[in-house]
Amino acid sequence: MSVAPAAAPSPSRTVTRLAIDTVRTLAMDAVQAAESGHPGTPMALAPLAYALYARHLRHDPSAPHWVDRDRFILSVGHASMLLYGTLHMAGYDLPLSEIRNFRQWGSKTPGHPEVHHTVGVETTTGPLGQGVANAVGFAVAEAHLAATFNRDGFAIVDHYTYFIAGDGCLMEGLSHEAASYAGHFGLGKLIGFFDDNRITIDGSTDLSCSDDAAKRFEAYGWHVLHVADVNDIASIDAAITAAKADTKRPTMIVTRTHIGFGSPNRQDSSKAHGEPLGKDEIALTKAVYGWDYPEPFTVPDEARVHWREQVAQRAVSHASWQTLWTSYAAAHPELAAEFERRMRGELRPEAAAAFPTFDAKSGAVASRASSGVVINAIASAIPQLIGGSADLAGSNLTVVKGAPFFTAQHAAGRNFEFGIREHGMGAIMNGMSLHGGIIPYGGTFLVFADYMRPSIRLAALMGVQAVYVFTHDSIGLGEDGPTHQPVEHLAALRCIPNLLVLRPADADEVAESWRIAVTHKLGPTALVLTRQKLAYFGKATEIRVGVPRGAYVLADVAQPAVVLMATGSEVEIALSARDLLAATGVAARVVSMPSFELFAQQDAGYRDSVLPRGVPRVAVEAAHPASWYRWVGDTGAIVGIDHFGASAPAPELYKRFGITAEKVADAARGVLLNK
Ligand SMILES: Cc1ncc(C[n+]2csc(CCOP(=O)(O)OP(=O)(O)O)c2C)c(N)n1
């Protein structure tokens, strides 16, 4: 079936054309009403959205969270009206009033799609390329859960992940990190469409890009197909069928489209990308479509009925899955209970007792090493905790020993090799987490958090659970030098709203930090860990209570004259400074402060009990001081580093850069003098 080209409207317009044109006109009208937005790409891609939602996706608008639904990700998030119009027509709970309210305060139709805000939106997209990498993560999750839970005759996890990427998505490096990963791991149930319209904001793609996208994806090991005209629904059907037939490779369907399709003065021009067409051009375009309805936001009954009939056929898959699930649950009750528990995001009851306890006999241990011990201790009780590292497993200590690796042949593996693709890892983790049933973790050096920062930001924005294992967390890593020594990273991470940052100071704090990370469901957690060894405090009881509160008194005196605050490796320095001060008659309290965010959430009574009002404070952290000002106040001092590090052994660096007990004691005396 081919949809008649808009340039020559057919008087015998098919209902399919009408159904597609309704999505097009809703996008034009909504962008016009909002006086902002992106009409051209929805106008071009409406036939593809129709093909997916009306003819291919296994989905059920009355059960939008059905666990085995096919997932669809609009990586070109600016084309949000394509998704909103389609969800509306497909019968999701997104009424026309919300379409009319596009981009307005409180609407369900924000400028870019936001997960957990609009029903049917699987992930938040807008920063180009992220959706592609999220889709890879969804496909990883599907493959892993299918390999873990499916049994003969019971493919209870068996769905596809579809995405649409644009020129912008494919120009971004992120999509290629993720595509390379997907090709290597043979994610056969991942089906992407490249919206090949050759237009971006500044004009033709010729201005800056002459890649052969198809060849790039072929080189990554993808199955690459072509659709010469997006209006040719039969050709989309055939491509999807061919994509599904290849179970070993992800598929990219390069689809030729025309931005602003049908608009006499805007089609194929960057003017169609990101501004309203204008009332006159809308009228002209609707005339080209043969659209007979003068009122904006018209949904012809025939179009609505057709959409609903088509989608009703798609939703049958939900009913048959339900039947399959019932017999699976009867045949494999324990697996079924486990699957349900995981999809609810709950831990097994035995998880709480799985966390290790440490003692002085273990001696000084790097926090990355105690983190490795914790991961291994909790692994079997928390099977949904799966992850790995961006090629630094031996440094990040992220491997569950003896457990299999995730490979194309063994998708049940729990150890992941993300390759040297930090940005990809962050975005893939987001997809894994959003899919459900998985708590992903990923490791790299703290300094390379910058390489994944956009994905961390989105994890925080979306409120997804993910755990970052950031090791080598300061100049304490020593000889690798300033390229590898984070300075501003802690402060920068602490500024990301809804990111929990934990920098534990000893092995017990590490265990408690991991406990917080696996139970903190509404956002990501960054664990900031040392390369160098840390002393053991022997304060397990205080730590168990104190770490969840973000800060606690580690060493006290009856009447503290000054409070010394520190995180991670610098807590030891604060303890030594306390001894130096005591020797000169100055009573100091030491507060370990692994998480500013958790401490800030405590009531004023608790905060005042840890940091008494009127008692001056000194902070020490081998990092940029920016994030400490709130806590030290006007009368306090910060011993930190506001410049890059250097290549030398760690003890020398601490001395040269003044992160020492003597400097902290001096700072304390200084604040007392100025009091
Ligand atoms: C990471 C990122 N950089 C820049 C932008 C701003 N931006 C939004 S759309 C766009 C052009 C995208 O072109 P294309 O993918 O071809 O989309 P189309 O013009 O087909 O809608 C740009 C640069 C963005 N959303 N994300």
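Biologist: Which residues lie nearest the centre of the second largest pocket?

Modeller: Happy to help, and keep in mind that this is a predicted model. The second largest pocket has a volume of about 440 Å³, and its lining comprises 11 nonpolar, seven polar and three charged residues. Of the 21 residues that line this pocket, those nearest its centre are Ala143, Gly186, Thr247, Ala408 and Ala411.

Biologist: Thanks! Which element gives the most to the lining of the largest pocket?

Modeller: That pocket has a volume of about 760 Å³. Among the 36 residues lining the largest pocket, His116, Ser433, Leu434, His435 and Gly436 are closest to its centre. At least two lining residues come from each of β1 (71–74), α12 (333–343) and α15 (422–435). With three residues, the element that gives the most is α15.

Biologist: Now to the ligand: how many charged residues does the shell around it have?

Modeller: The ligand is surrounded by 16 residues, and the closest include Thr41, His78 and Gly168. By class, five of the shell residues are nonpolar and eight are polar, while the number of charged ones is three.

Biologist: And what percentage of the ligand's accessible area does the protein cover?

Modeller: Let's start with the polar contacts. Side-chain N or O atoms of Asp167 and His273 lie 3.1 Å and 2.7 Å from an oxygen atom of the ligand, respectively, and for a polar side-chain atom of Asn197 the distance to a ligand oxygen is 2.5 Å. On its own, the ligand has 590 Å² of accessible area, and the share covered by the protein is 74%.

Technical notes. Residues numbered from 1 in each chain as written. Predicted model: local features only at pLDDT ≥ 70, side-chain atom pairs only at ≥ 80, totals over all residues. Heavy atoms only, no water. Near = heavy atom within 4 Å. Polar contact = N/O pair within 3.5 Å; in protein donor to acceptor, adjacent residues only side chain to side chain. Areas by Shrake-Rupley, 256 points an atom, 1.4 Å probe, with all protein chains shown as cover. Nonpolar A, V, L, I, M, F, W, Y, C, P; charged D, E, K, R; others polar. 1 Å grid on protein atoms, 1.4 Å probe; cavity = no way out; pocket = protein on both sides within 12 Å on 5 of 7 lines; lining within 4 Å. Points joined across faces, edges and corners; volume = space filled by probe spheres on them. Helix = DSSP H or I, 4+ residues; strand = E, 2+ residues; numbered from the N terminus.
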